[in-house]
Amino acid sequence: MFQSRRGSNRQEAGTASAGSAQKAERDEIRLLGRISAGDMRAFEELYRVYYPRLMRFLERVTRRPGMVEEVLNDTMLVVWNRADGYNGSSKVSTWIFAIAFRKALKALQRFDDPVDDEPLQAHADDGPGPDMQVDLWQLREALTKALDGLSADHRAVVDLAYFHGLGYREIAQIVSCPVDTVKTRMFHARRKLKVLLAGDLEDWL
Amino acid sequence: MKVVPLDADVHATTRALLPWYAMNTLDEGEAAQVQAHLDACPSCRAELELERRLQVAQPLSVASSDVDRGWAGMRKLIRSDAQSRRRGVAAPWLRLALGLQFAVIAALGVGLAMSRAGIDAYRALGAGGAPVSANAVVMFKPDASEQEIRSALRIGGARLVDGPTASNAYLLSVPVDDHVAAIAKLRAQPAVSLAESLDARPAP
């Protein structure tokens with residue numbers, strides 16, 4: 001039965017991932033404590049953990065590959081300077097992503113011209129890697145373009161939910177809005193994605 | 001009273017939660033609610049499959065991802081930020097000098113304000129509501145010089161209140177206590193052709 005088998009697997013997987021997540025959270029809080037004391041090695045450790053996550057998130061929200069690293073480092077500079085401002089009311093990742101989201105929106109305010117897809121095209125011309133299925137590659141390319149059609153607020157919600165695995169409550173904290181707004185944004189974003197991806201999703205299995 | 005949600009509400013609620021159900025980020029109660037609805041709703045099961053396909057298909061990344069290069073930039077940024085912070089914080093002696101400078105400026109400002117407090121506000125001759133009321137009127141001879149007029153006023157102890165009027169007269173304020181003598185002194189001046197009291201008392 002769909003329900004019982006899925007429910008059992010979810011429970012086991014959930015227990016295991018919750019334990020490792022709690023340990024990771026404790027580690028990050030300890031790192032923040034050392035960073036607030038000026039420990040550069042602790043900061044580098046945290047930087048290397050968050051670099052790939054923030055790169056993906058900021059690239060998706062800003063749609064400007066050229067500005068991603070600058071916004072990322074601006075974000076982490078706040079972490080370095082204000083580590084003692086973390087009060088434990090949210091997860092460390094929520095605190096950092098919230099800083100990154102605000103920095104991204106601020107950076108986007110400097111640019112109001114439309115974004116072309118030249119970088120995407122240049123990357124697509126490299127062709128898929130040997131292990132990449134062509135259909136999946138095409139879906140990813142279509143998904144990338146479809147996400148670009150969303151607003152920055154909607155992209156942030158979709159990205160945090162789908163590609164960072166965050167719950168809607170945590171997303172609400174990051175983007176500073178009520179949980180119902182997060183659900184509504186996700187609902188509209190999914191509807192638009194389905195329209196923009198018409199055909200691509202059904203083709204890929 | 002227990003509120004029983006309508007099927008349509010459950011369907012909409014489940015749809016809203018599907019992305020997080022697919023990511024296994026719902027709490028147990030919410031996940032159970034979604035599971036129960038999925039068993040009964042083929043449409044939502046199909047939607048869940050689409051969710052999973054979307055989530056598997058990570059979007060392409062076009063930004064170069066080099067953590068070592070990023071970290072090198074980060075260290076440089078921290079150094080420049082620290083330098084700018086140091087520049088923003090003045091040395092102790094400079095802070096003391098600035099404090100003294102502000103104190104001197106403040107003292108000068110207070111002194112200036114106090115010295116100005118003793119000076120009567122400027123008032124034009126034609127301004128209404130004169131603080132001193134006229135109690136005499138005087139007419140000067142047409143050939144009287146400005147020096148003679150000033151001399152007559154000084155000798156008579158008079159202050160110019162208003163004028164010239166339409167008849168070319170000037171209103172004066174003379175000492176009330178010595179009103180009669182003041183009028184007499186004015187009349188004695190060669191520049192004065194007429195000096196009269198404006199008091200109700202008859203002129204001397």
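**Notebook: a sheet in chain B, a helix pair in chain A**

I began with one bridge in this predicted model, and found that Ala136(B) has Leu172(B) of β3(B) as its bridge partner. Looking up the strands around that bridge, I noted that β1 (residues 136-140) and β3 (residues 170-173) of chain B pair in the antiparallel sense, over 3 bridges.

I then traced the sheet itself, which is open, has 4 strands in the order β2-β3-β1-β4 (chain B), and shows antiparallel pairing. Because β2 (159-162) and β4 (192-197) of chain B each have a single partner strand, they stand at the edges, and one side of each is left without a neighbour in the sheet. For the twist I recorded an average of 35 degrees from one strand to the next.

Next I checked what lies across this sheet, and found helix α7 (residues 179-188) of chain B over β1, β3 and β4 of chain B, running at about 165 degrees to β4(B).

Turning to chain A, I looked up helix α2 (residues 40-62) and helix α4 (residues 92-109), whose axes come within 10 Å and cross at roughly 40 degrees. I therefore entered α2(A) as oblique to α4(A). The contact draws on residues of α2(A) including Tyr50(A), Arg53(A), Phe57(A) and Thr62(A), and on residues of α4(A) including Ser93(A), Ile96(A), Phe97(A) and Ala104(A). Sorting this contact by class, I noted 13 nonpolar, 2 polar and 1 charged residues. As for handedness, my entry is that α2(A) passes α4(A) in a right-handed crossing.

Definitions and conventions. Residues numbered from 1 in each chain as written. Chains lettered and ligands numbered in written order. Predicted model: local features only at pLDDT ≥ 70, side-chain atom pairs only at ≥ 80, totals over all residues. Heavy atoms only, no water. Pairing = 2+ DSSP bridges. Helix = DSSP H or I, 4+ residues; strand = E, 2+ residues; numbered from the N terminus. Axes fitted to C-alpha atoms, helices over the stretch in contact; angles between N-to-C directions. Contact = heavy atoms within 4.5 Å. Parallel < 35°, antiparallel > 145°, perpendicular 65-115°, else oblique. Left-handed = near helix turned anticlockwise from the far one by under 90°. Nonpolar A, V, L, I, M, F, W, Y, C, P; charged D, E, K, R; others polar.
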